[in-house]
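Q: Could you take me slowly through one part of this structure, starting from a short view of the whole and then explaining how that part is built and what surrounds it?

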Amino acid sequence: DLELHLQRCQQLSVTVLTDHQDLSNTELKTVTNSTAPQQYRIRAKLRTYKPQKLHQSVKLHCSKCKSLQEVPDRDDFDFILRGSAGTASNPELHSTSWYESVTWTTQDQRQREITIHFVKHDEMLQHPEDTLLMVEGGTLKEIWKLSKRFKCLIPVRSTEDDLELLDLSAPFLLQGNVKYYGCKQCSTPKPMKNLSSLAAEQQPSWEPTEIAQVLGIELLQYVFIMKFTLVDETGALNAYLFDY
């Protein structure tokens with residue numbers, strides 16, 4: 001069994017590229033001295049690759065300004081949520097024509113207030129799997145629990161006139177385990193009342209692209225990026241992988 005396992009490991013360590021079998025091998029020196037675009041077939045060794053950890057390869061990309069940024073971690077999101085929790089919910093903004101609001105006080109030492117605004121459709125609350133929530137004052141743990149039960153969730157805070165998005169360092173929308181971010185440079189965040197146009201549709205789909213559009217958000221896309229340094233006896237070549 002051990003010998004069979006070792007054979008399998010050896011097989012997995014060899015990758016055969018089948019593209020461009022009609023092309024002969026080209027030395028890396030020739031490739032680097034050529035003007036792009038060209039099509040070559042090379043035979044080379046992998047010297048290094050970056051990043052070393054796979055999760056570090058995932059970045060956020062703005063298709064408008066072409067910027068790349070790191071995906072914020074849990075601590076960043078938690079810090080922003082804790083900061084917004086200090087802002088009291090404005091009762092004048094509760095239970096409008098297009099959403100219904102519920103507020104309760106937590107049983108912990110701080111006795112925080114959490115307000116959830118359930119977006120309605122045809123003046124009725126929808127099933128959880130079809131419902132969009134706007135949440136004020138929730139912790140990271142509470143946000144995750146709600147996002148698993150309801151279709152999508154938007155963390156918000158109160159102003160004098162309307163509900164608004166948090167800092168765009170935080171996700172502006174959560175759907176299940178997926179967090180959606182907006183570009184700070186290209187977005188012009190609008191108040192939450194702009195969502196009422198989507199709620200009035202015959203069958204609100206709550207698609208992230210549509211939500212981003214009505215809220216003035218330039219949606220960032222998750223991309224996968226890696227850098228490989230390839231070598232042969234004639235030179236070295238950096239190869240970059242960039243994919244959605």
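A: In counting charges, Lys and Arg are taken as positive and Asp and Glu as negative, while His and the chain ends are left out, and each charge is placed at NZ of Lys, CZ of Arg, CG of Asp or CD of Glu. On that basis the protein carries 27 positive and 32 negative side chains, with the centres of the two sets 8 Å apart. The model is predicted, so local features need pLDDT of at least 70 and side-chain atom pairs count only at pLDDT 80 or more, whereas totals for chains, interfaces and linings use all residues. Residues are numbered from 1 along each chain as its sequence is written, and side-chain values use heavy atoms, without hydrogens and water.

The protein has six helices and 13 strands, which are DSSP runs (H or I of at least four residues, and E of at least two) numbered from the N terminus. Its radius of gyration, taken over C-alpha atoms, is 25 Å, well over the 18 Å that the globule rule (2.2 Å times the number of residues to the power 0.38) gives for 244 residues, so the protein is more spread out than a compact globule. Along the principal axes, its C-alpha atoms fill a box of roughly 75 × 50 × 35 Å. Of the 244 residues, 38% are buried, meaning under 20% relative accessible area, while exposed means over 50% and partly exposed lies in between (1.4 Å probe, protein chains only).

The part to look at closely is helix α3, residues 74-84, where Phe77, Asp78, Ile80, Leu81 and Ser84 are buried. Seen down the axis, these buried residues fall within an arc of 165° (the arc of the directions from the helix axis to the C-beta atoms), so they line one face of α3. Residues three or four places apart in an α-helix point the same way, because there are 3.6 residues a turn. On the other side of α3, Asp75, Phe79 and Gly83 are exposed.

The buried residues of α3 pack against α4 (140-149), β8 (152-158) and β10 (173-175), where a contact means heavy atoms within 4.5 Å. In this neighbour, α4, the buried residues are Leu140, Ile143, Trp144, Leu146 and Ser147. They cover an arc of only 165° around the axis, which puts them on the same side of α4, whereas Lys141, Lys145, Lys148 and Arg149 are exposed on the other side. The cover over the buried residues of α4 includes α3 itself, together with β5 (113-121), β7 (132-136), β8, β10 and β11 (178-180).
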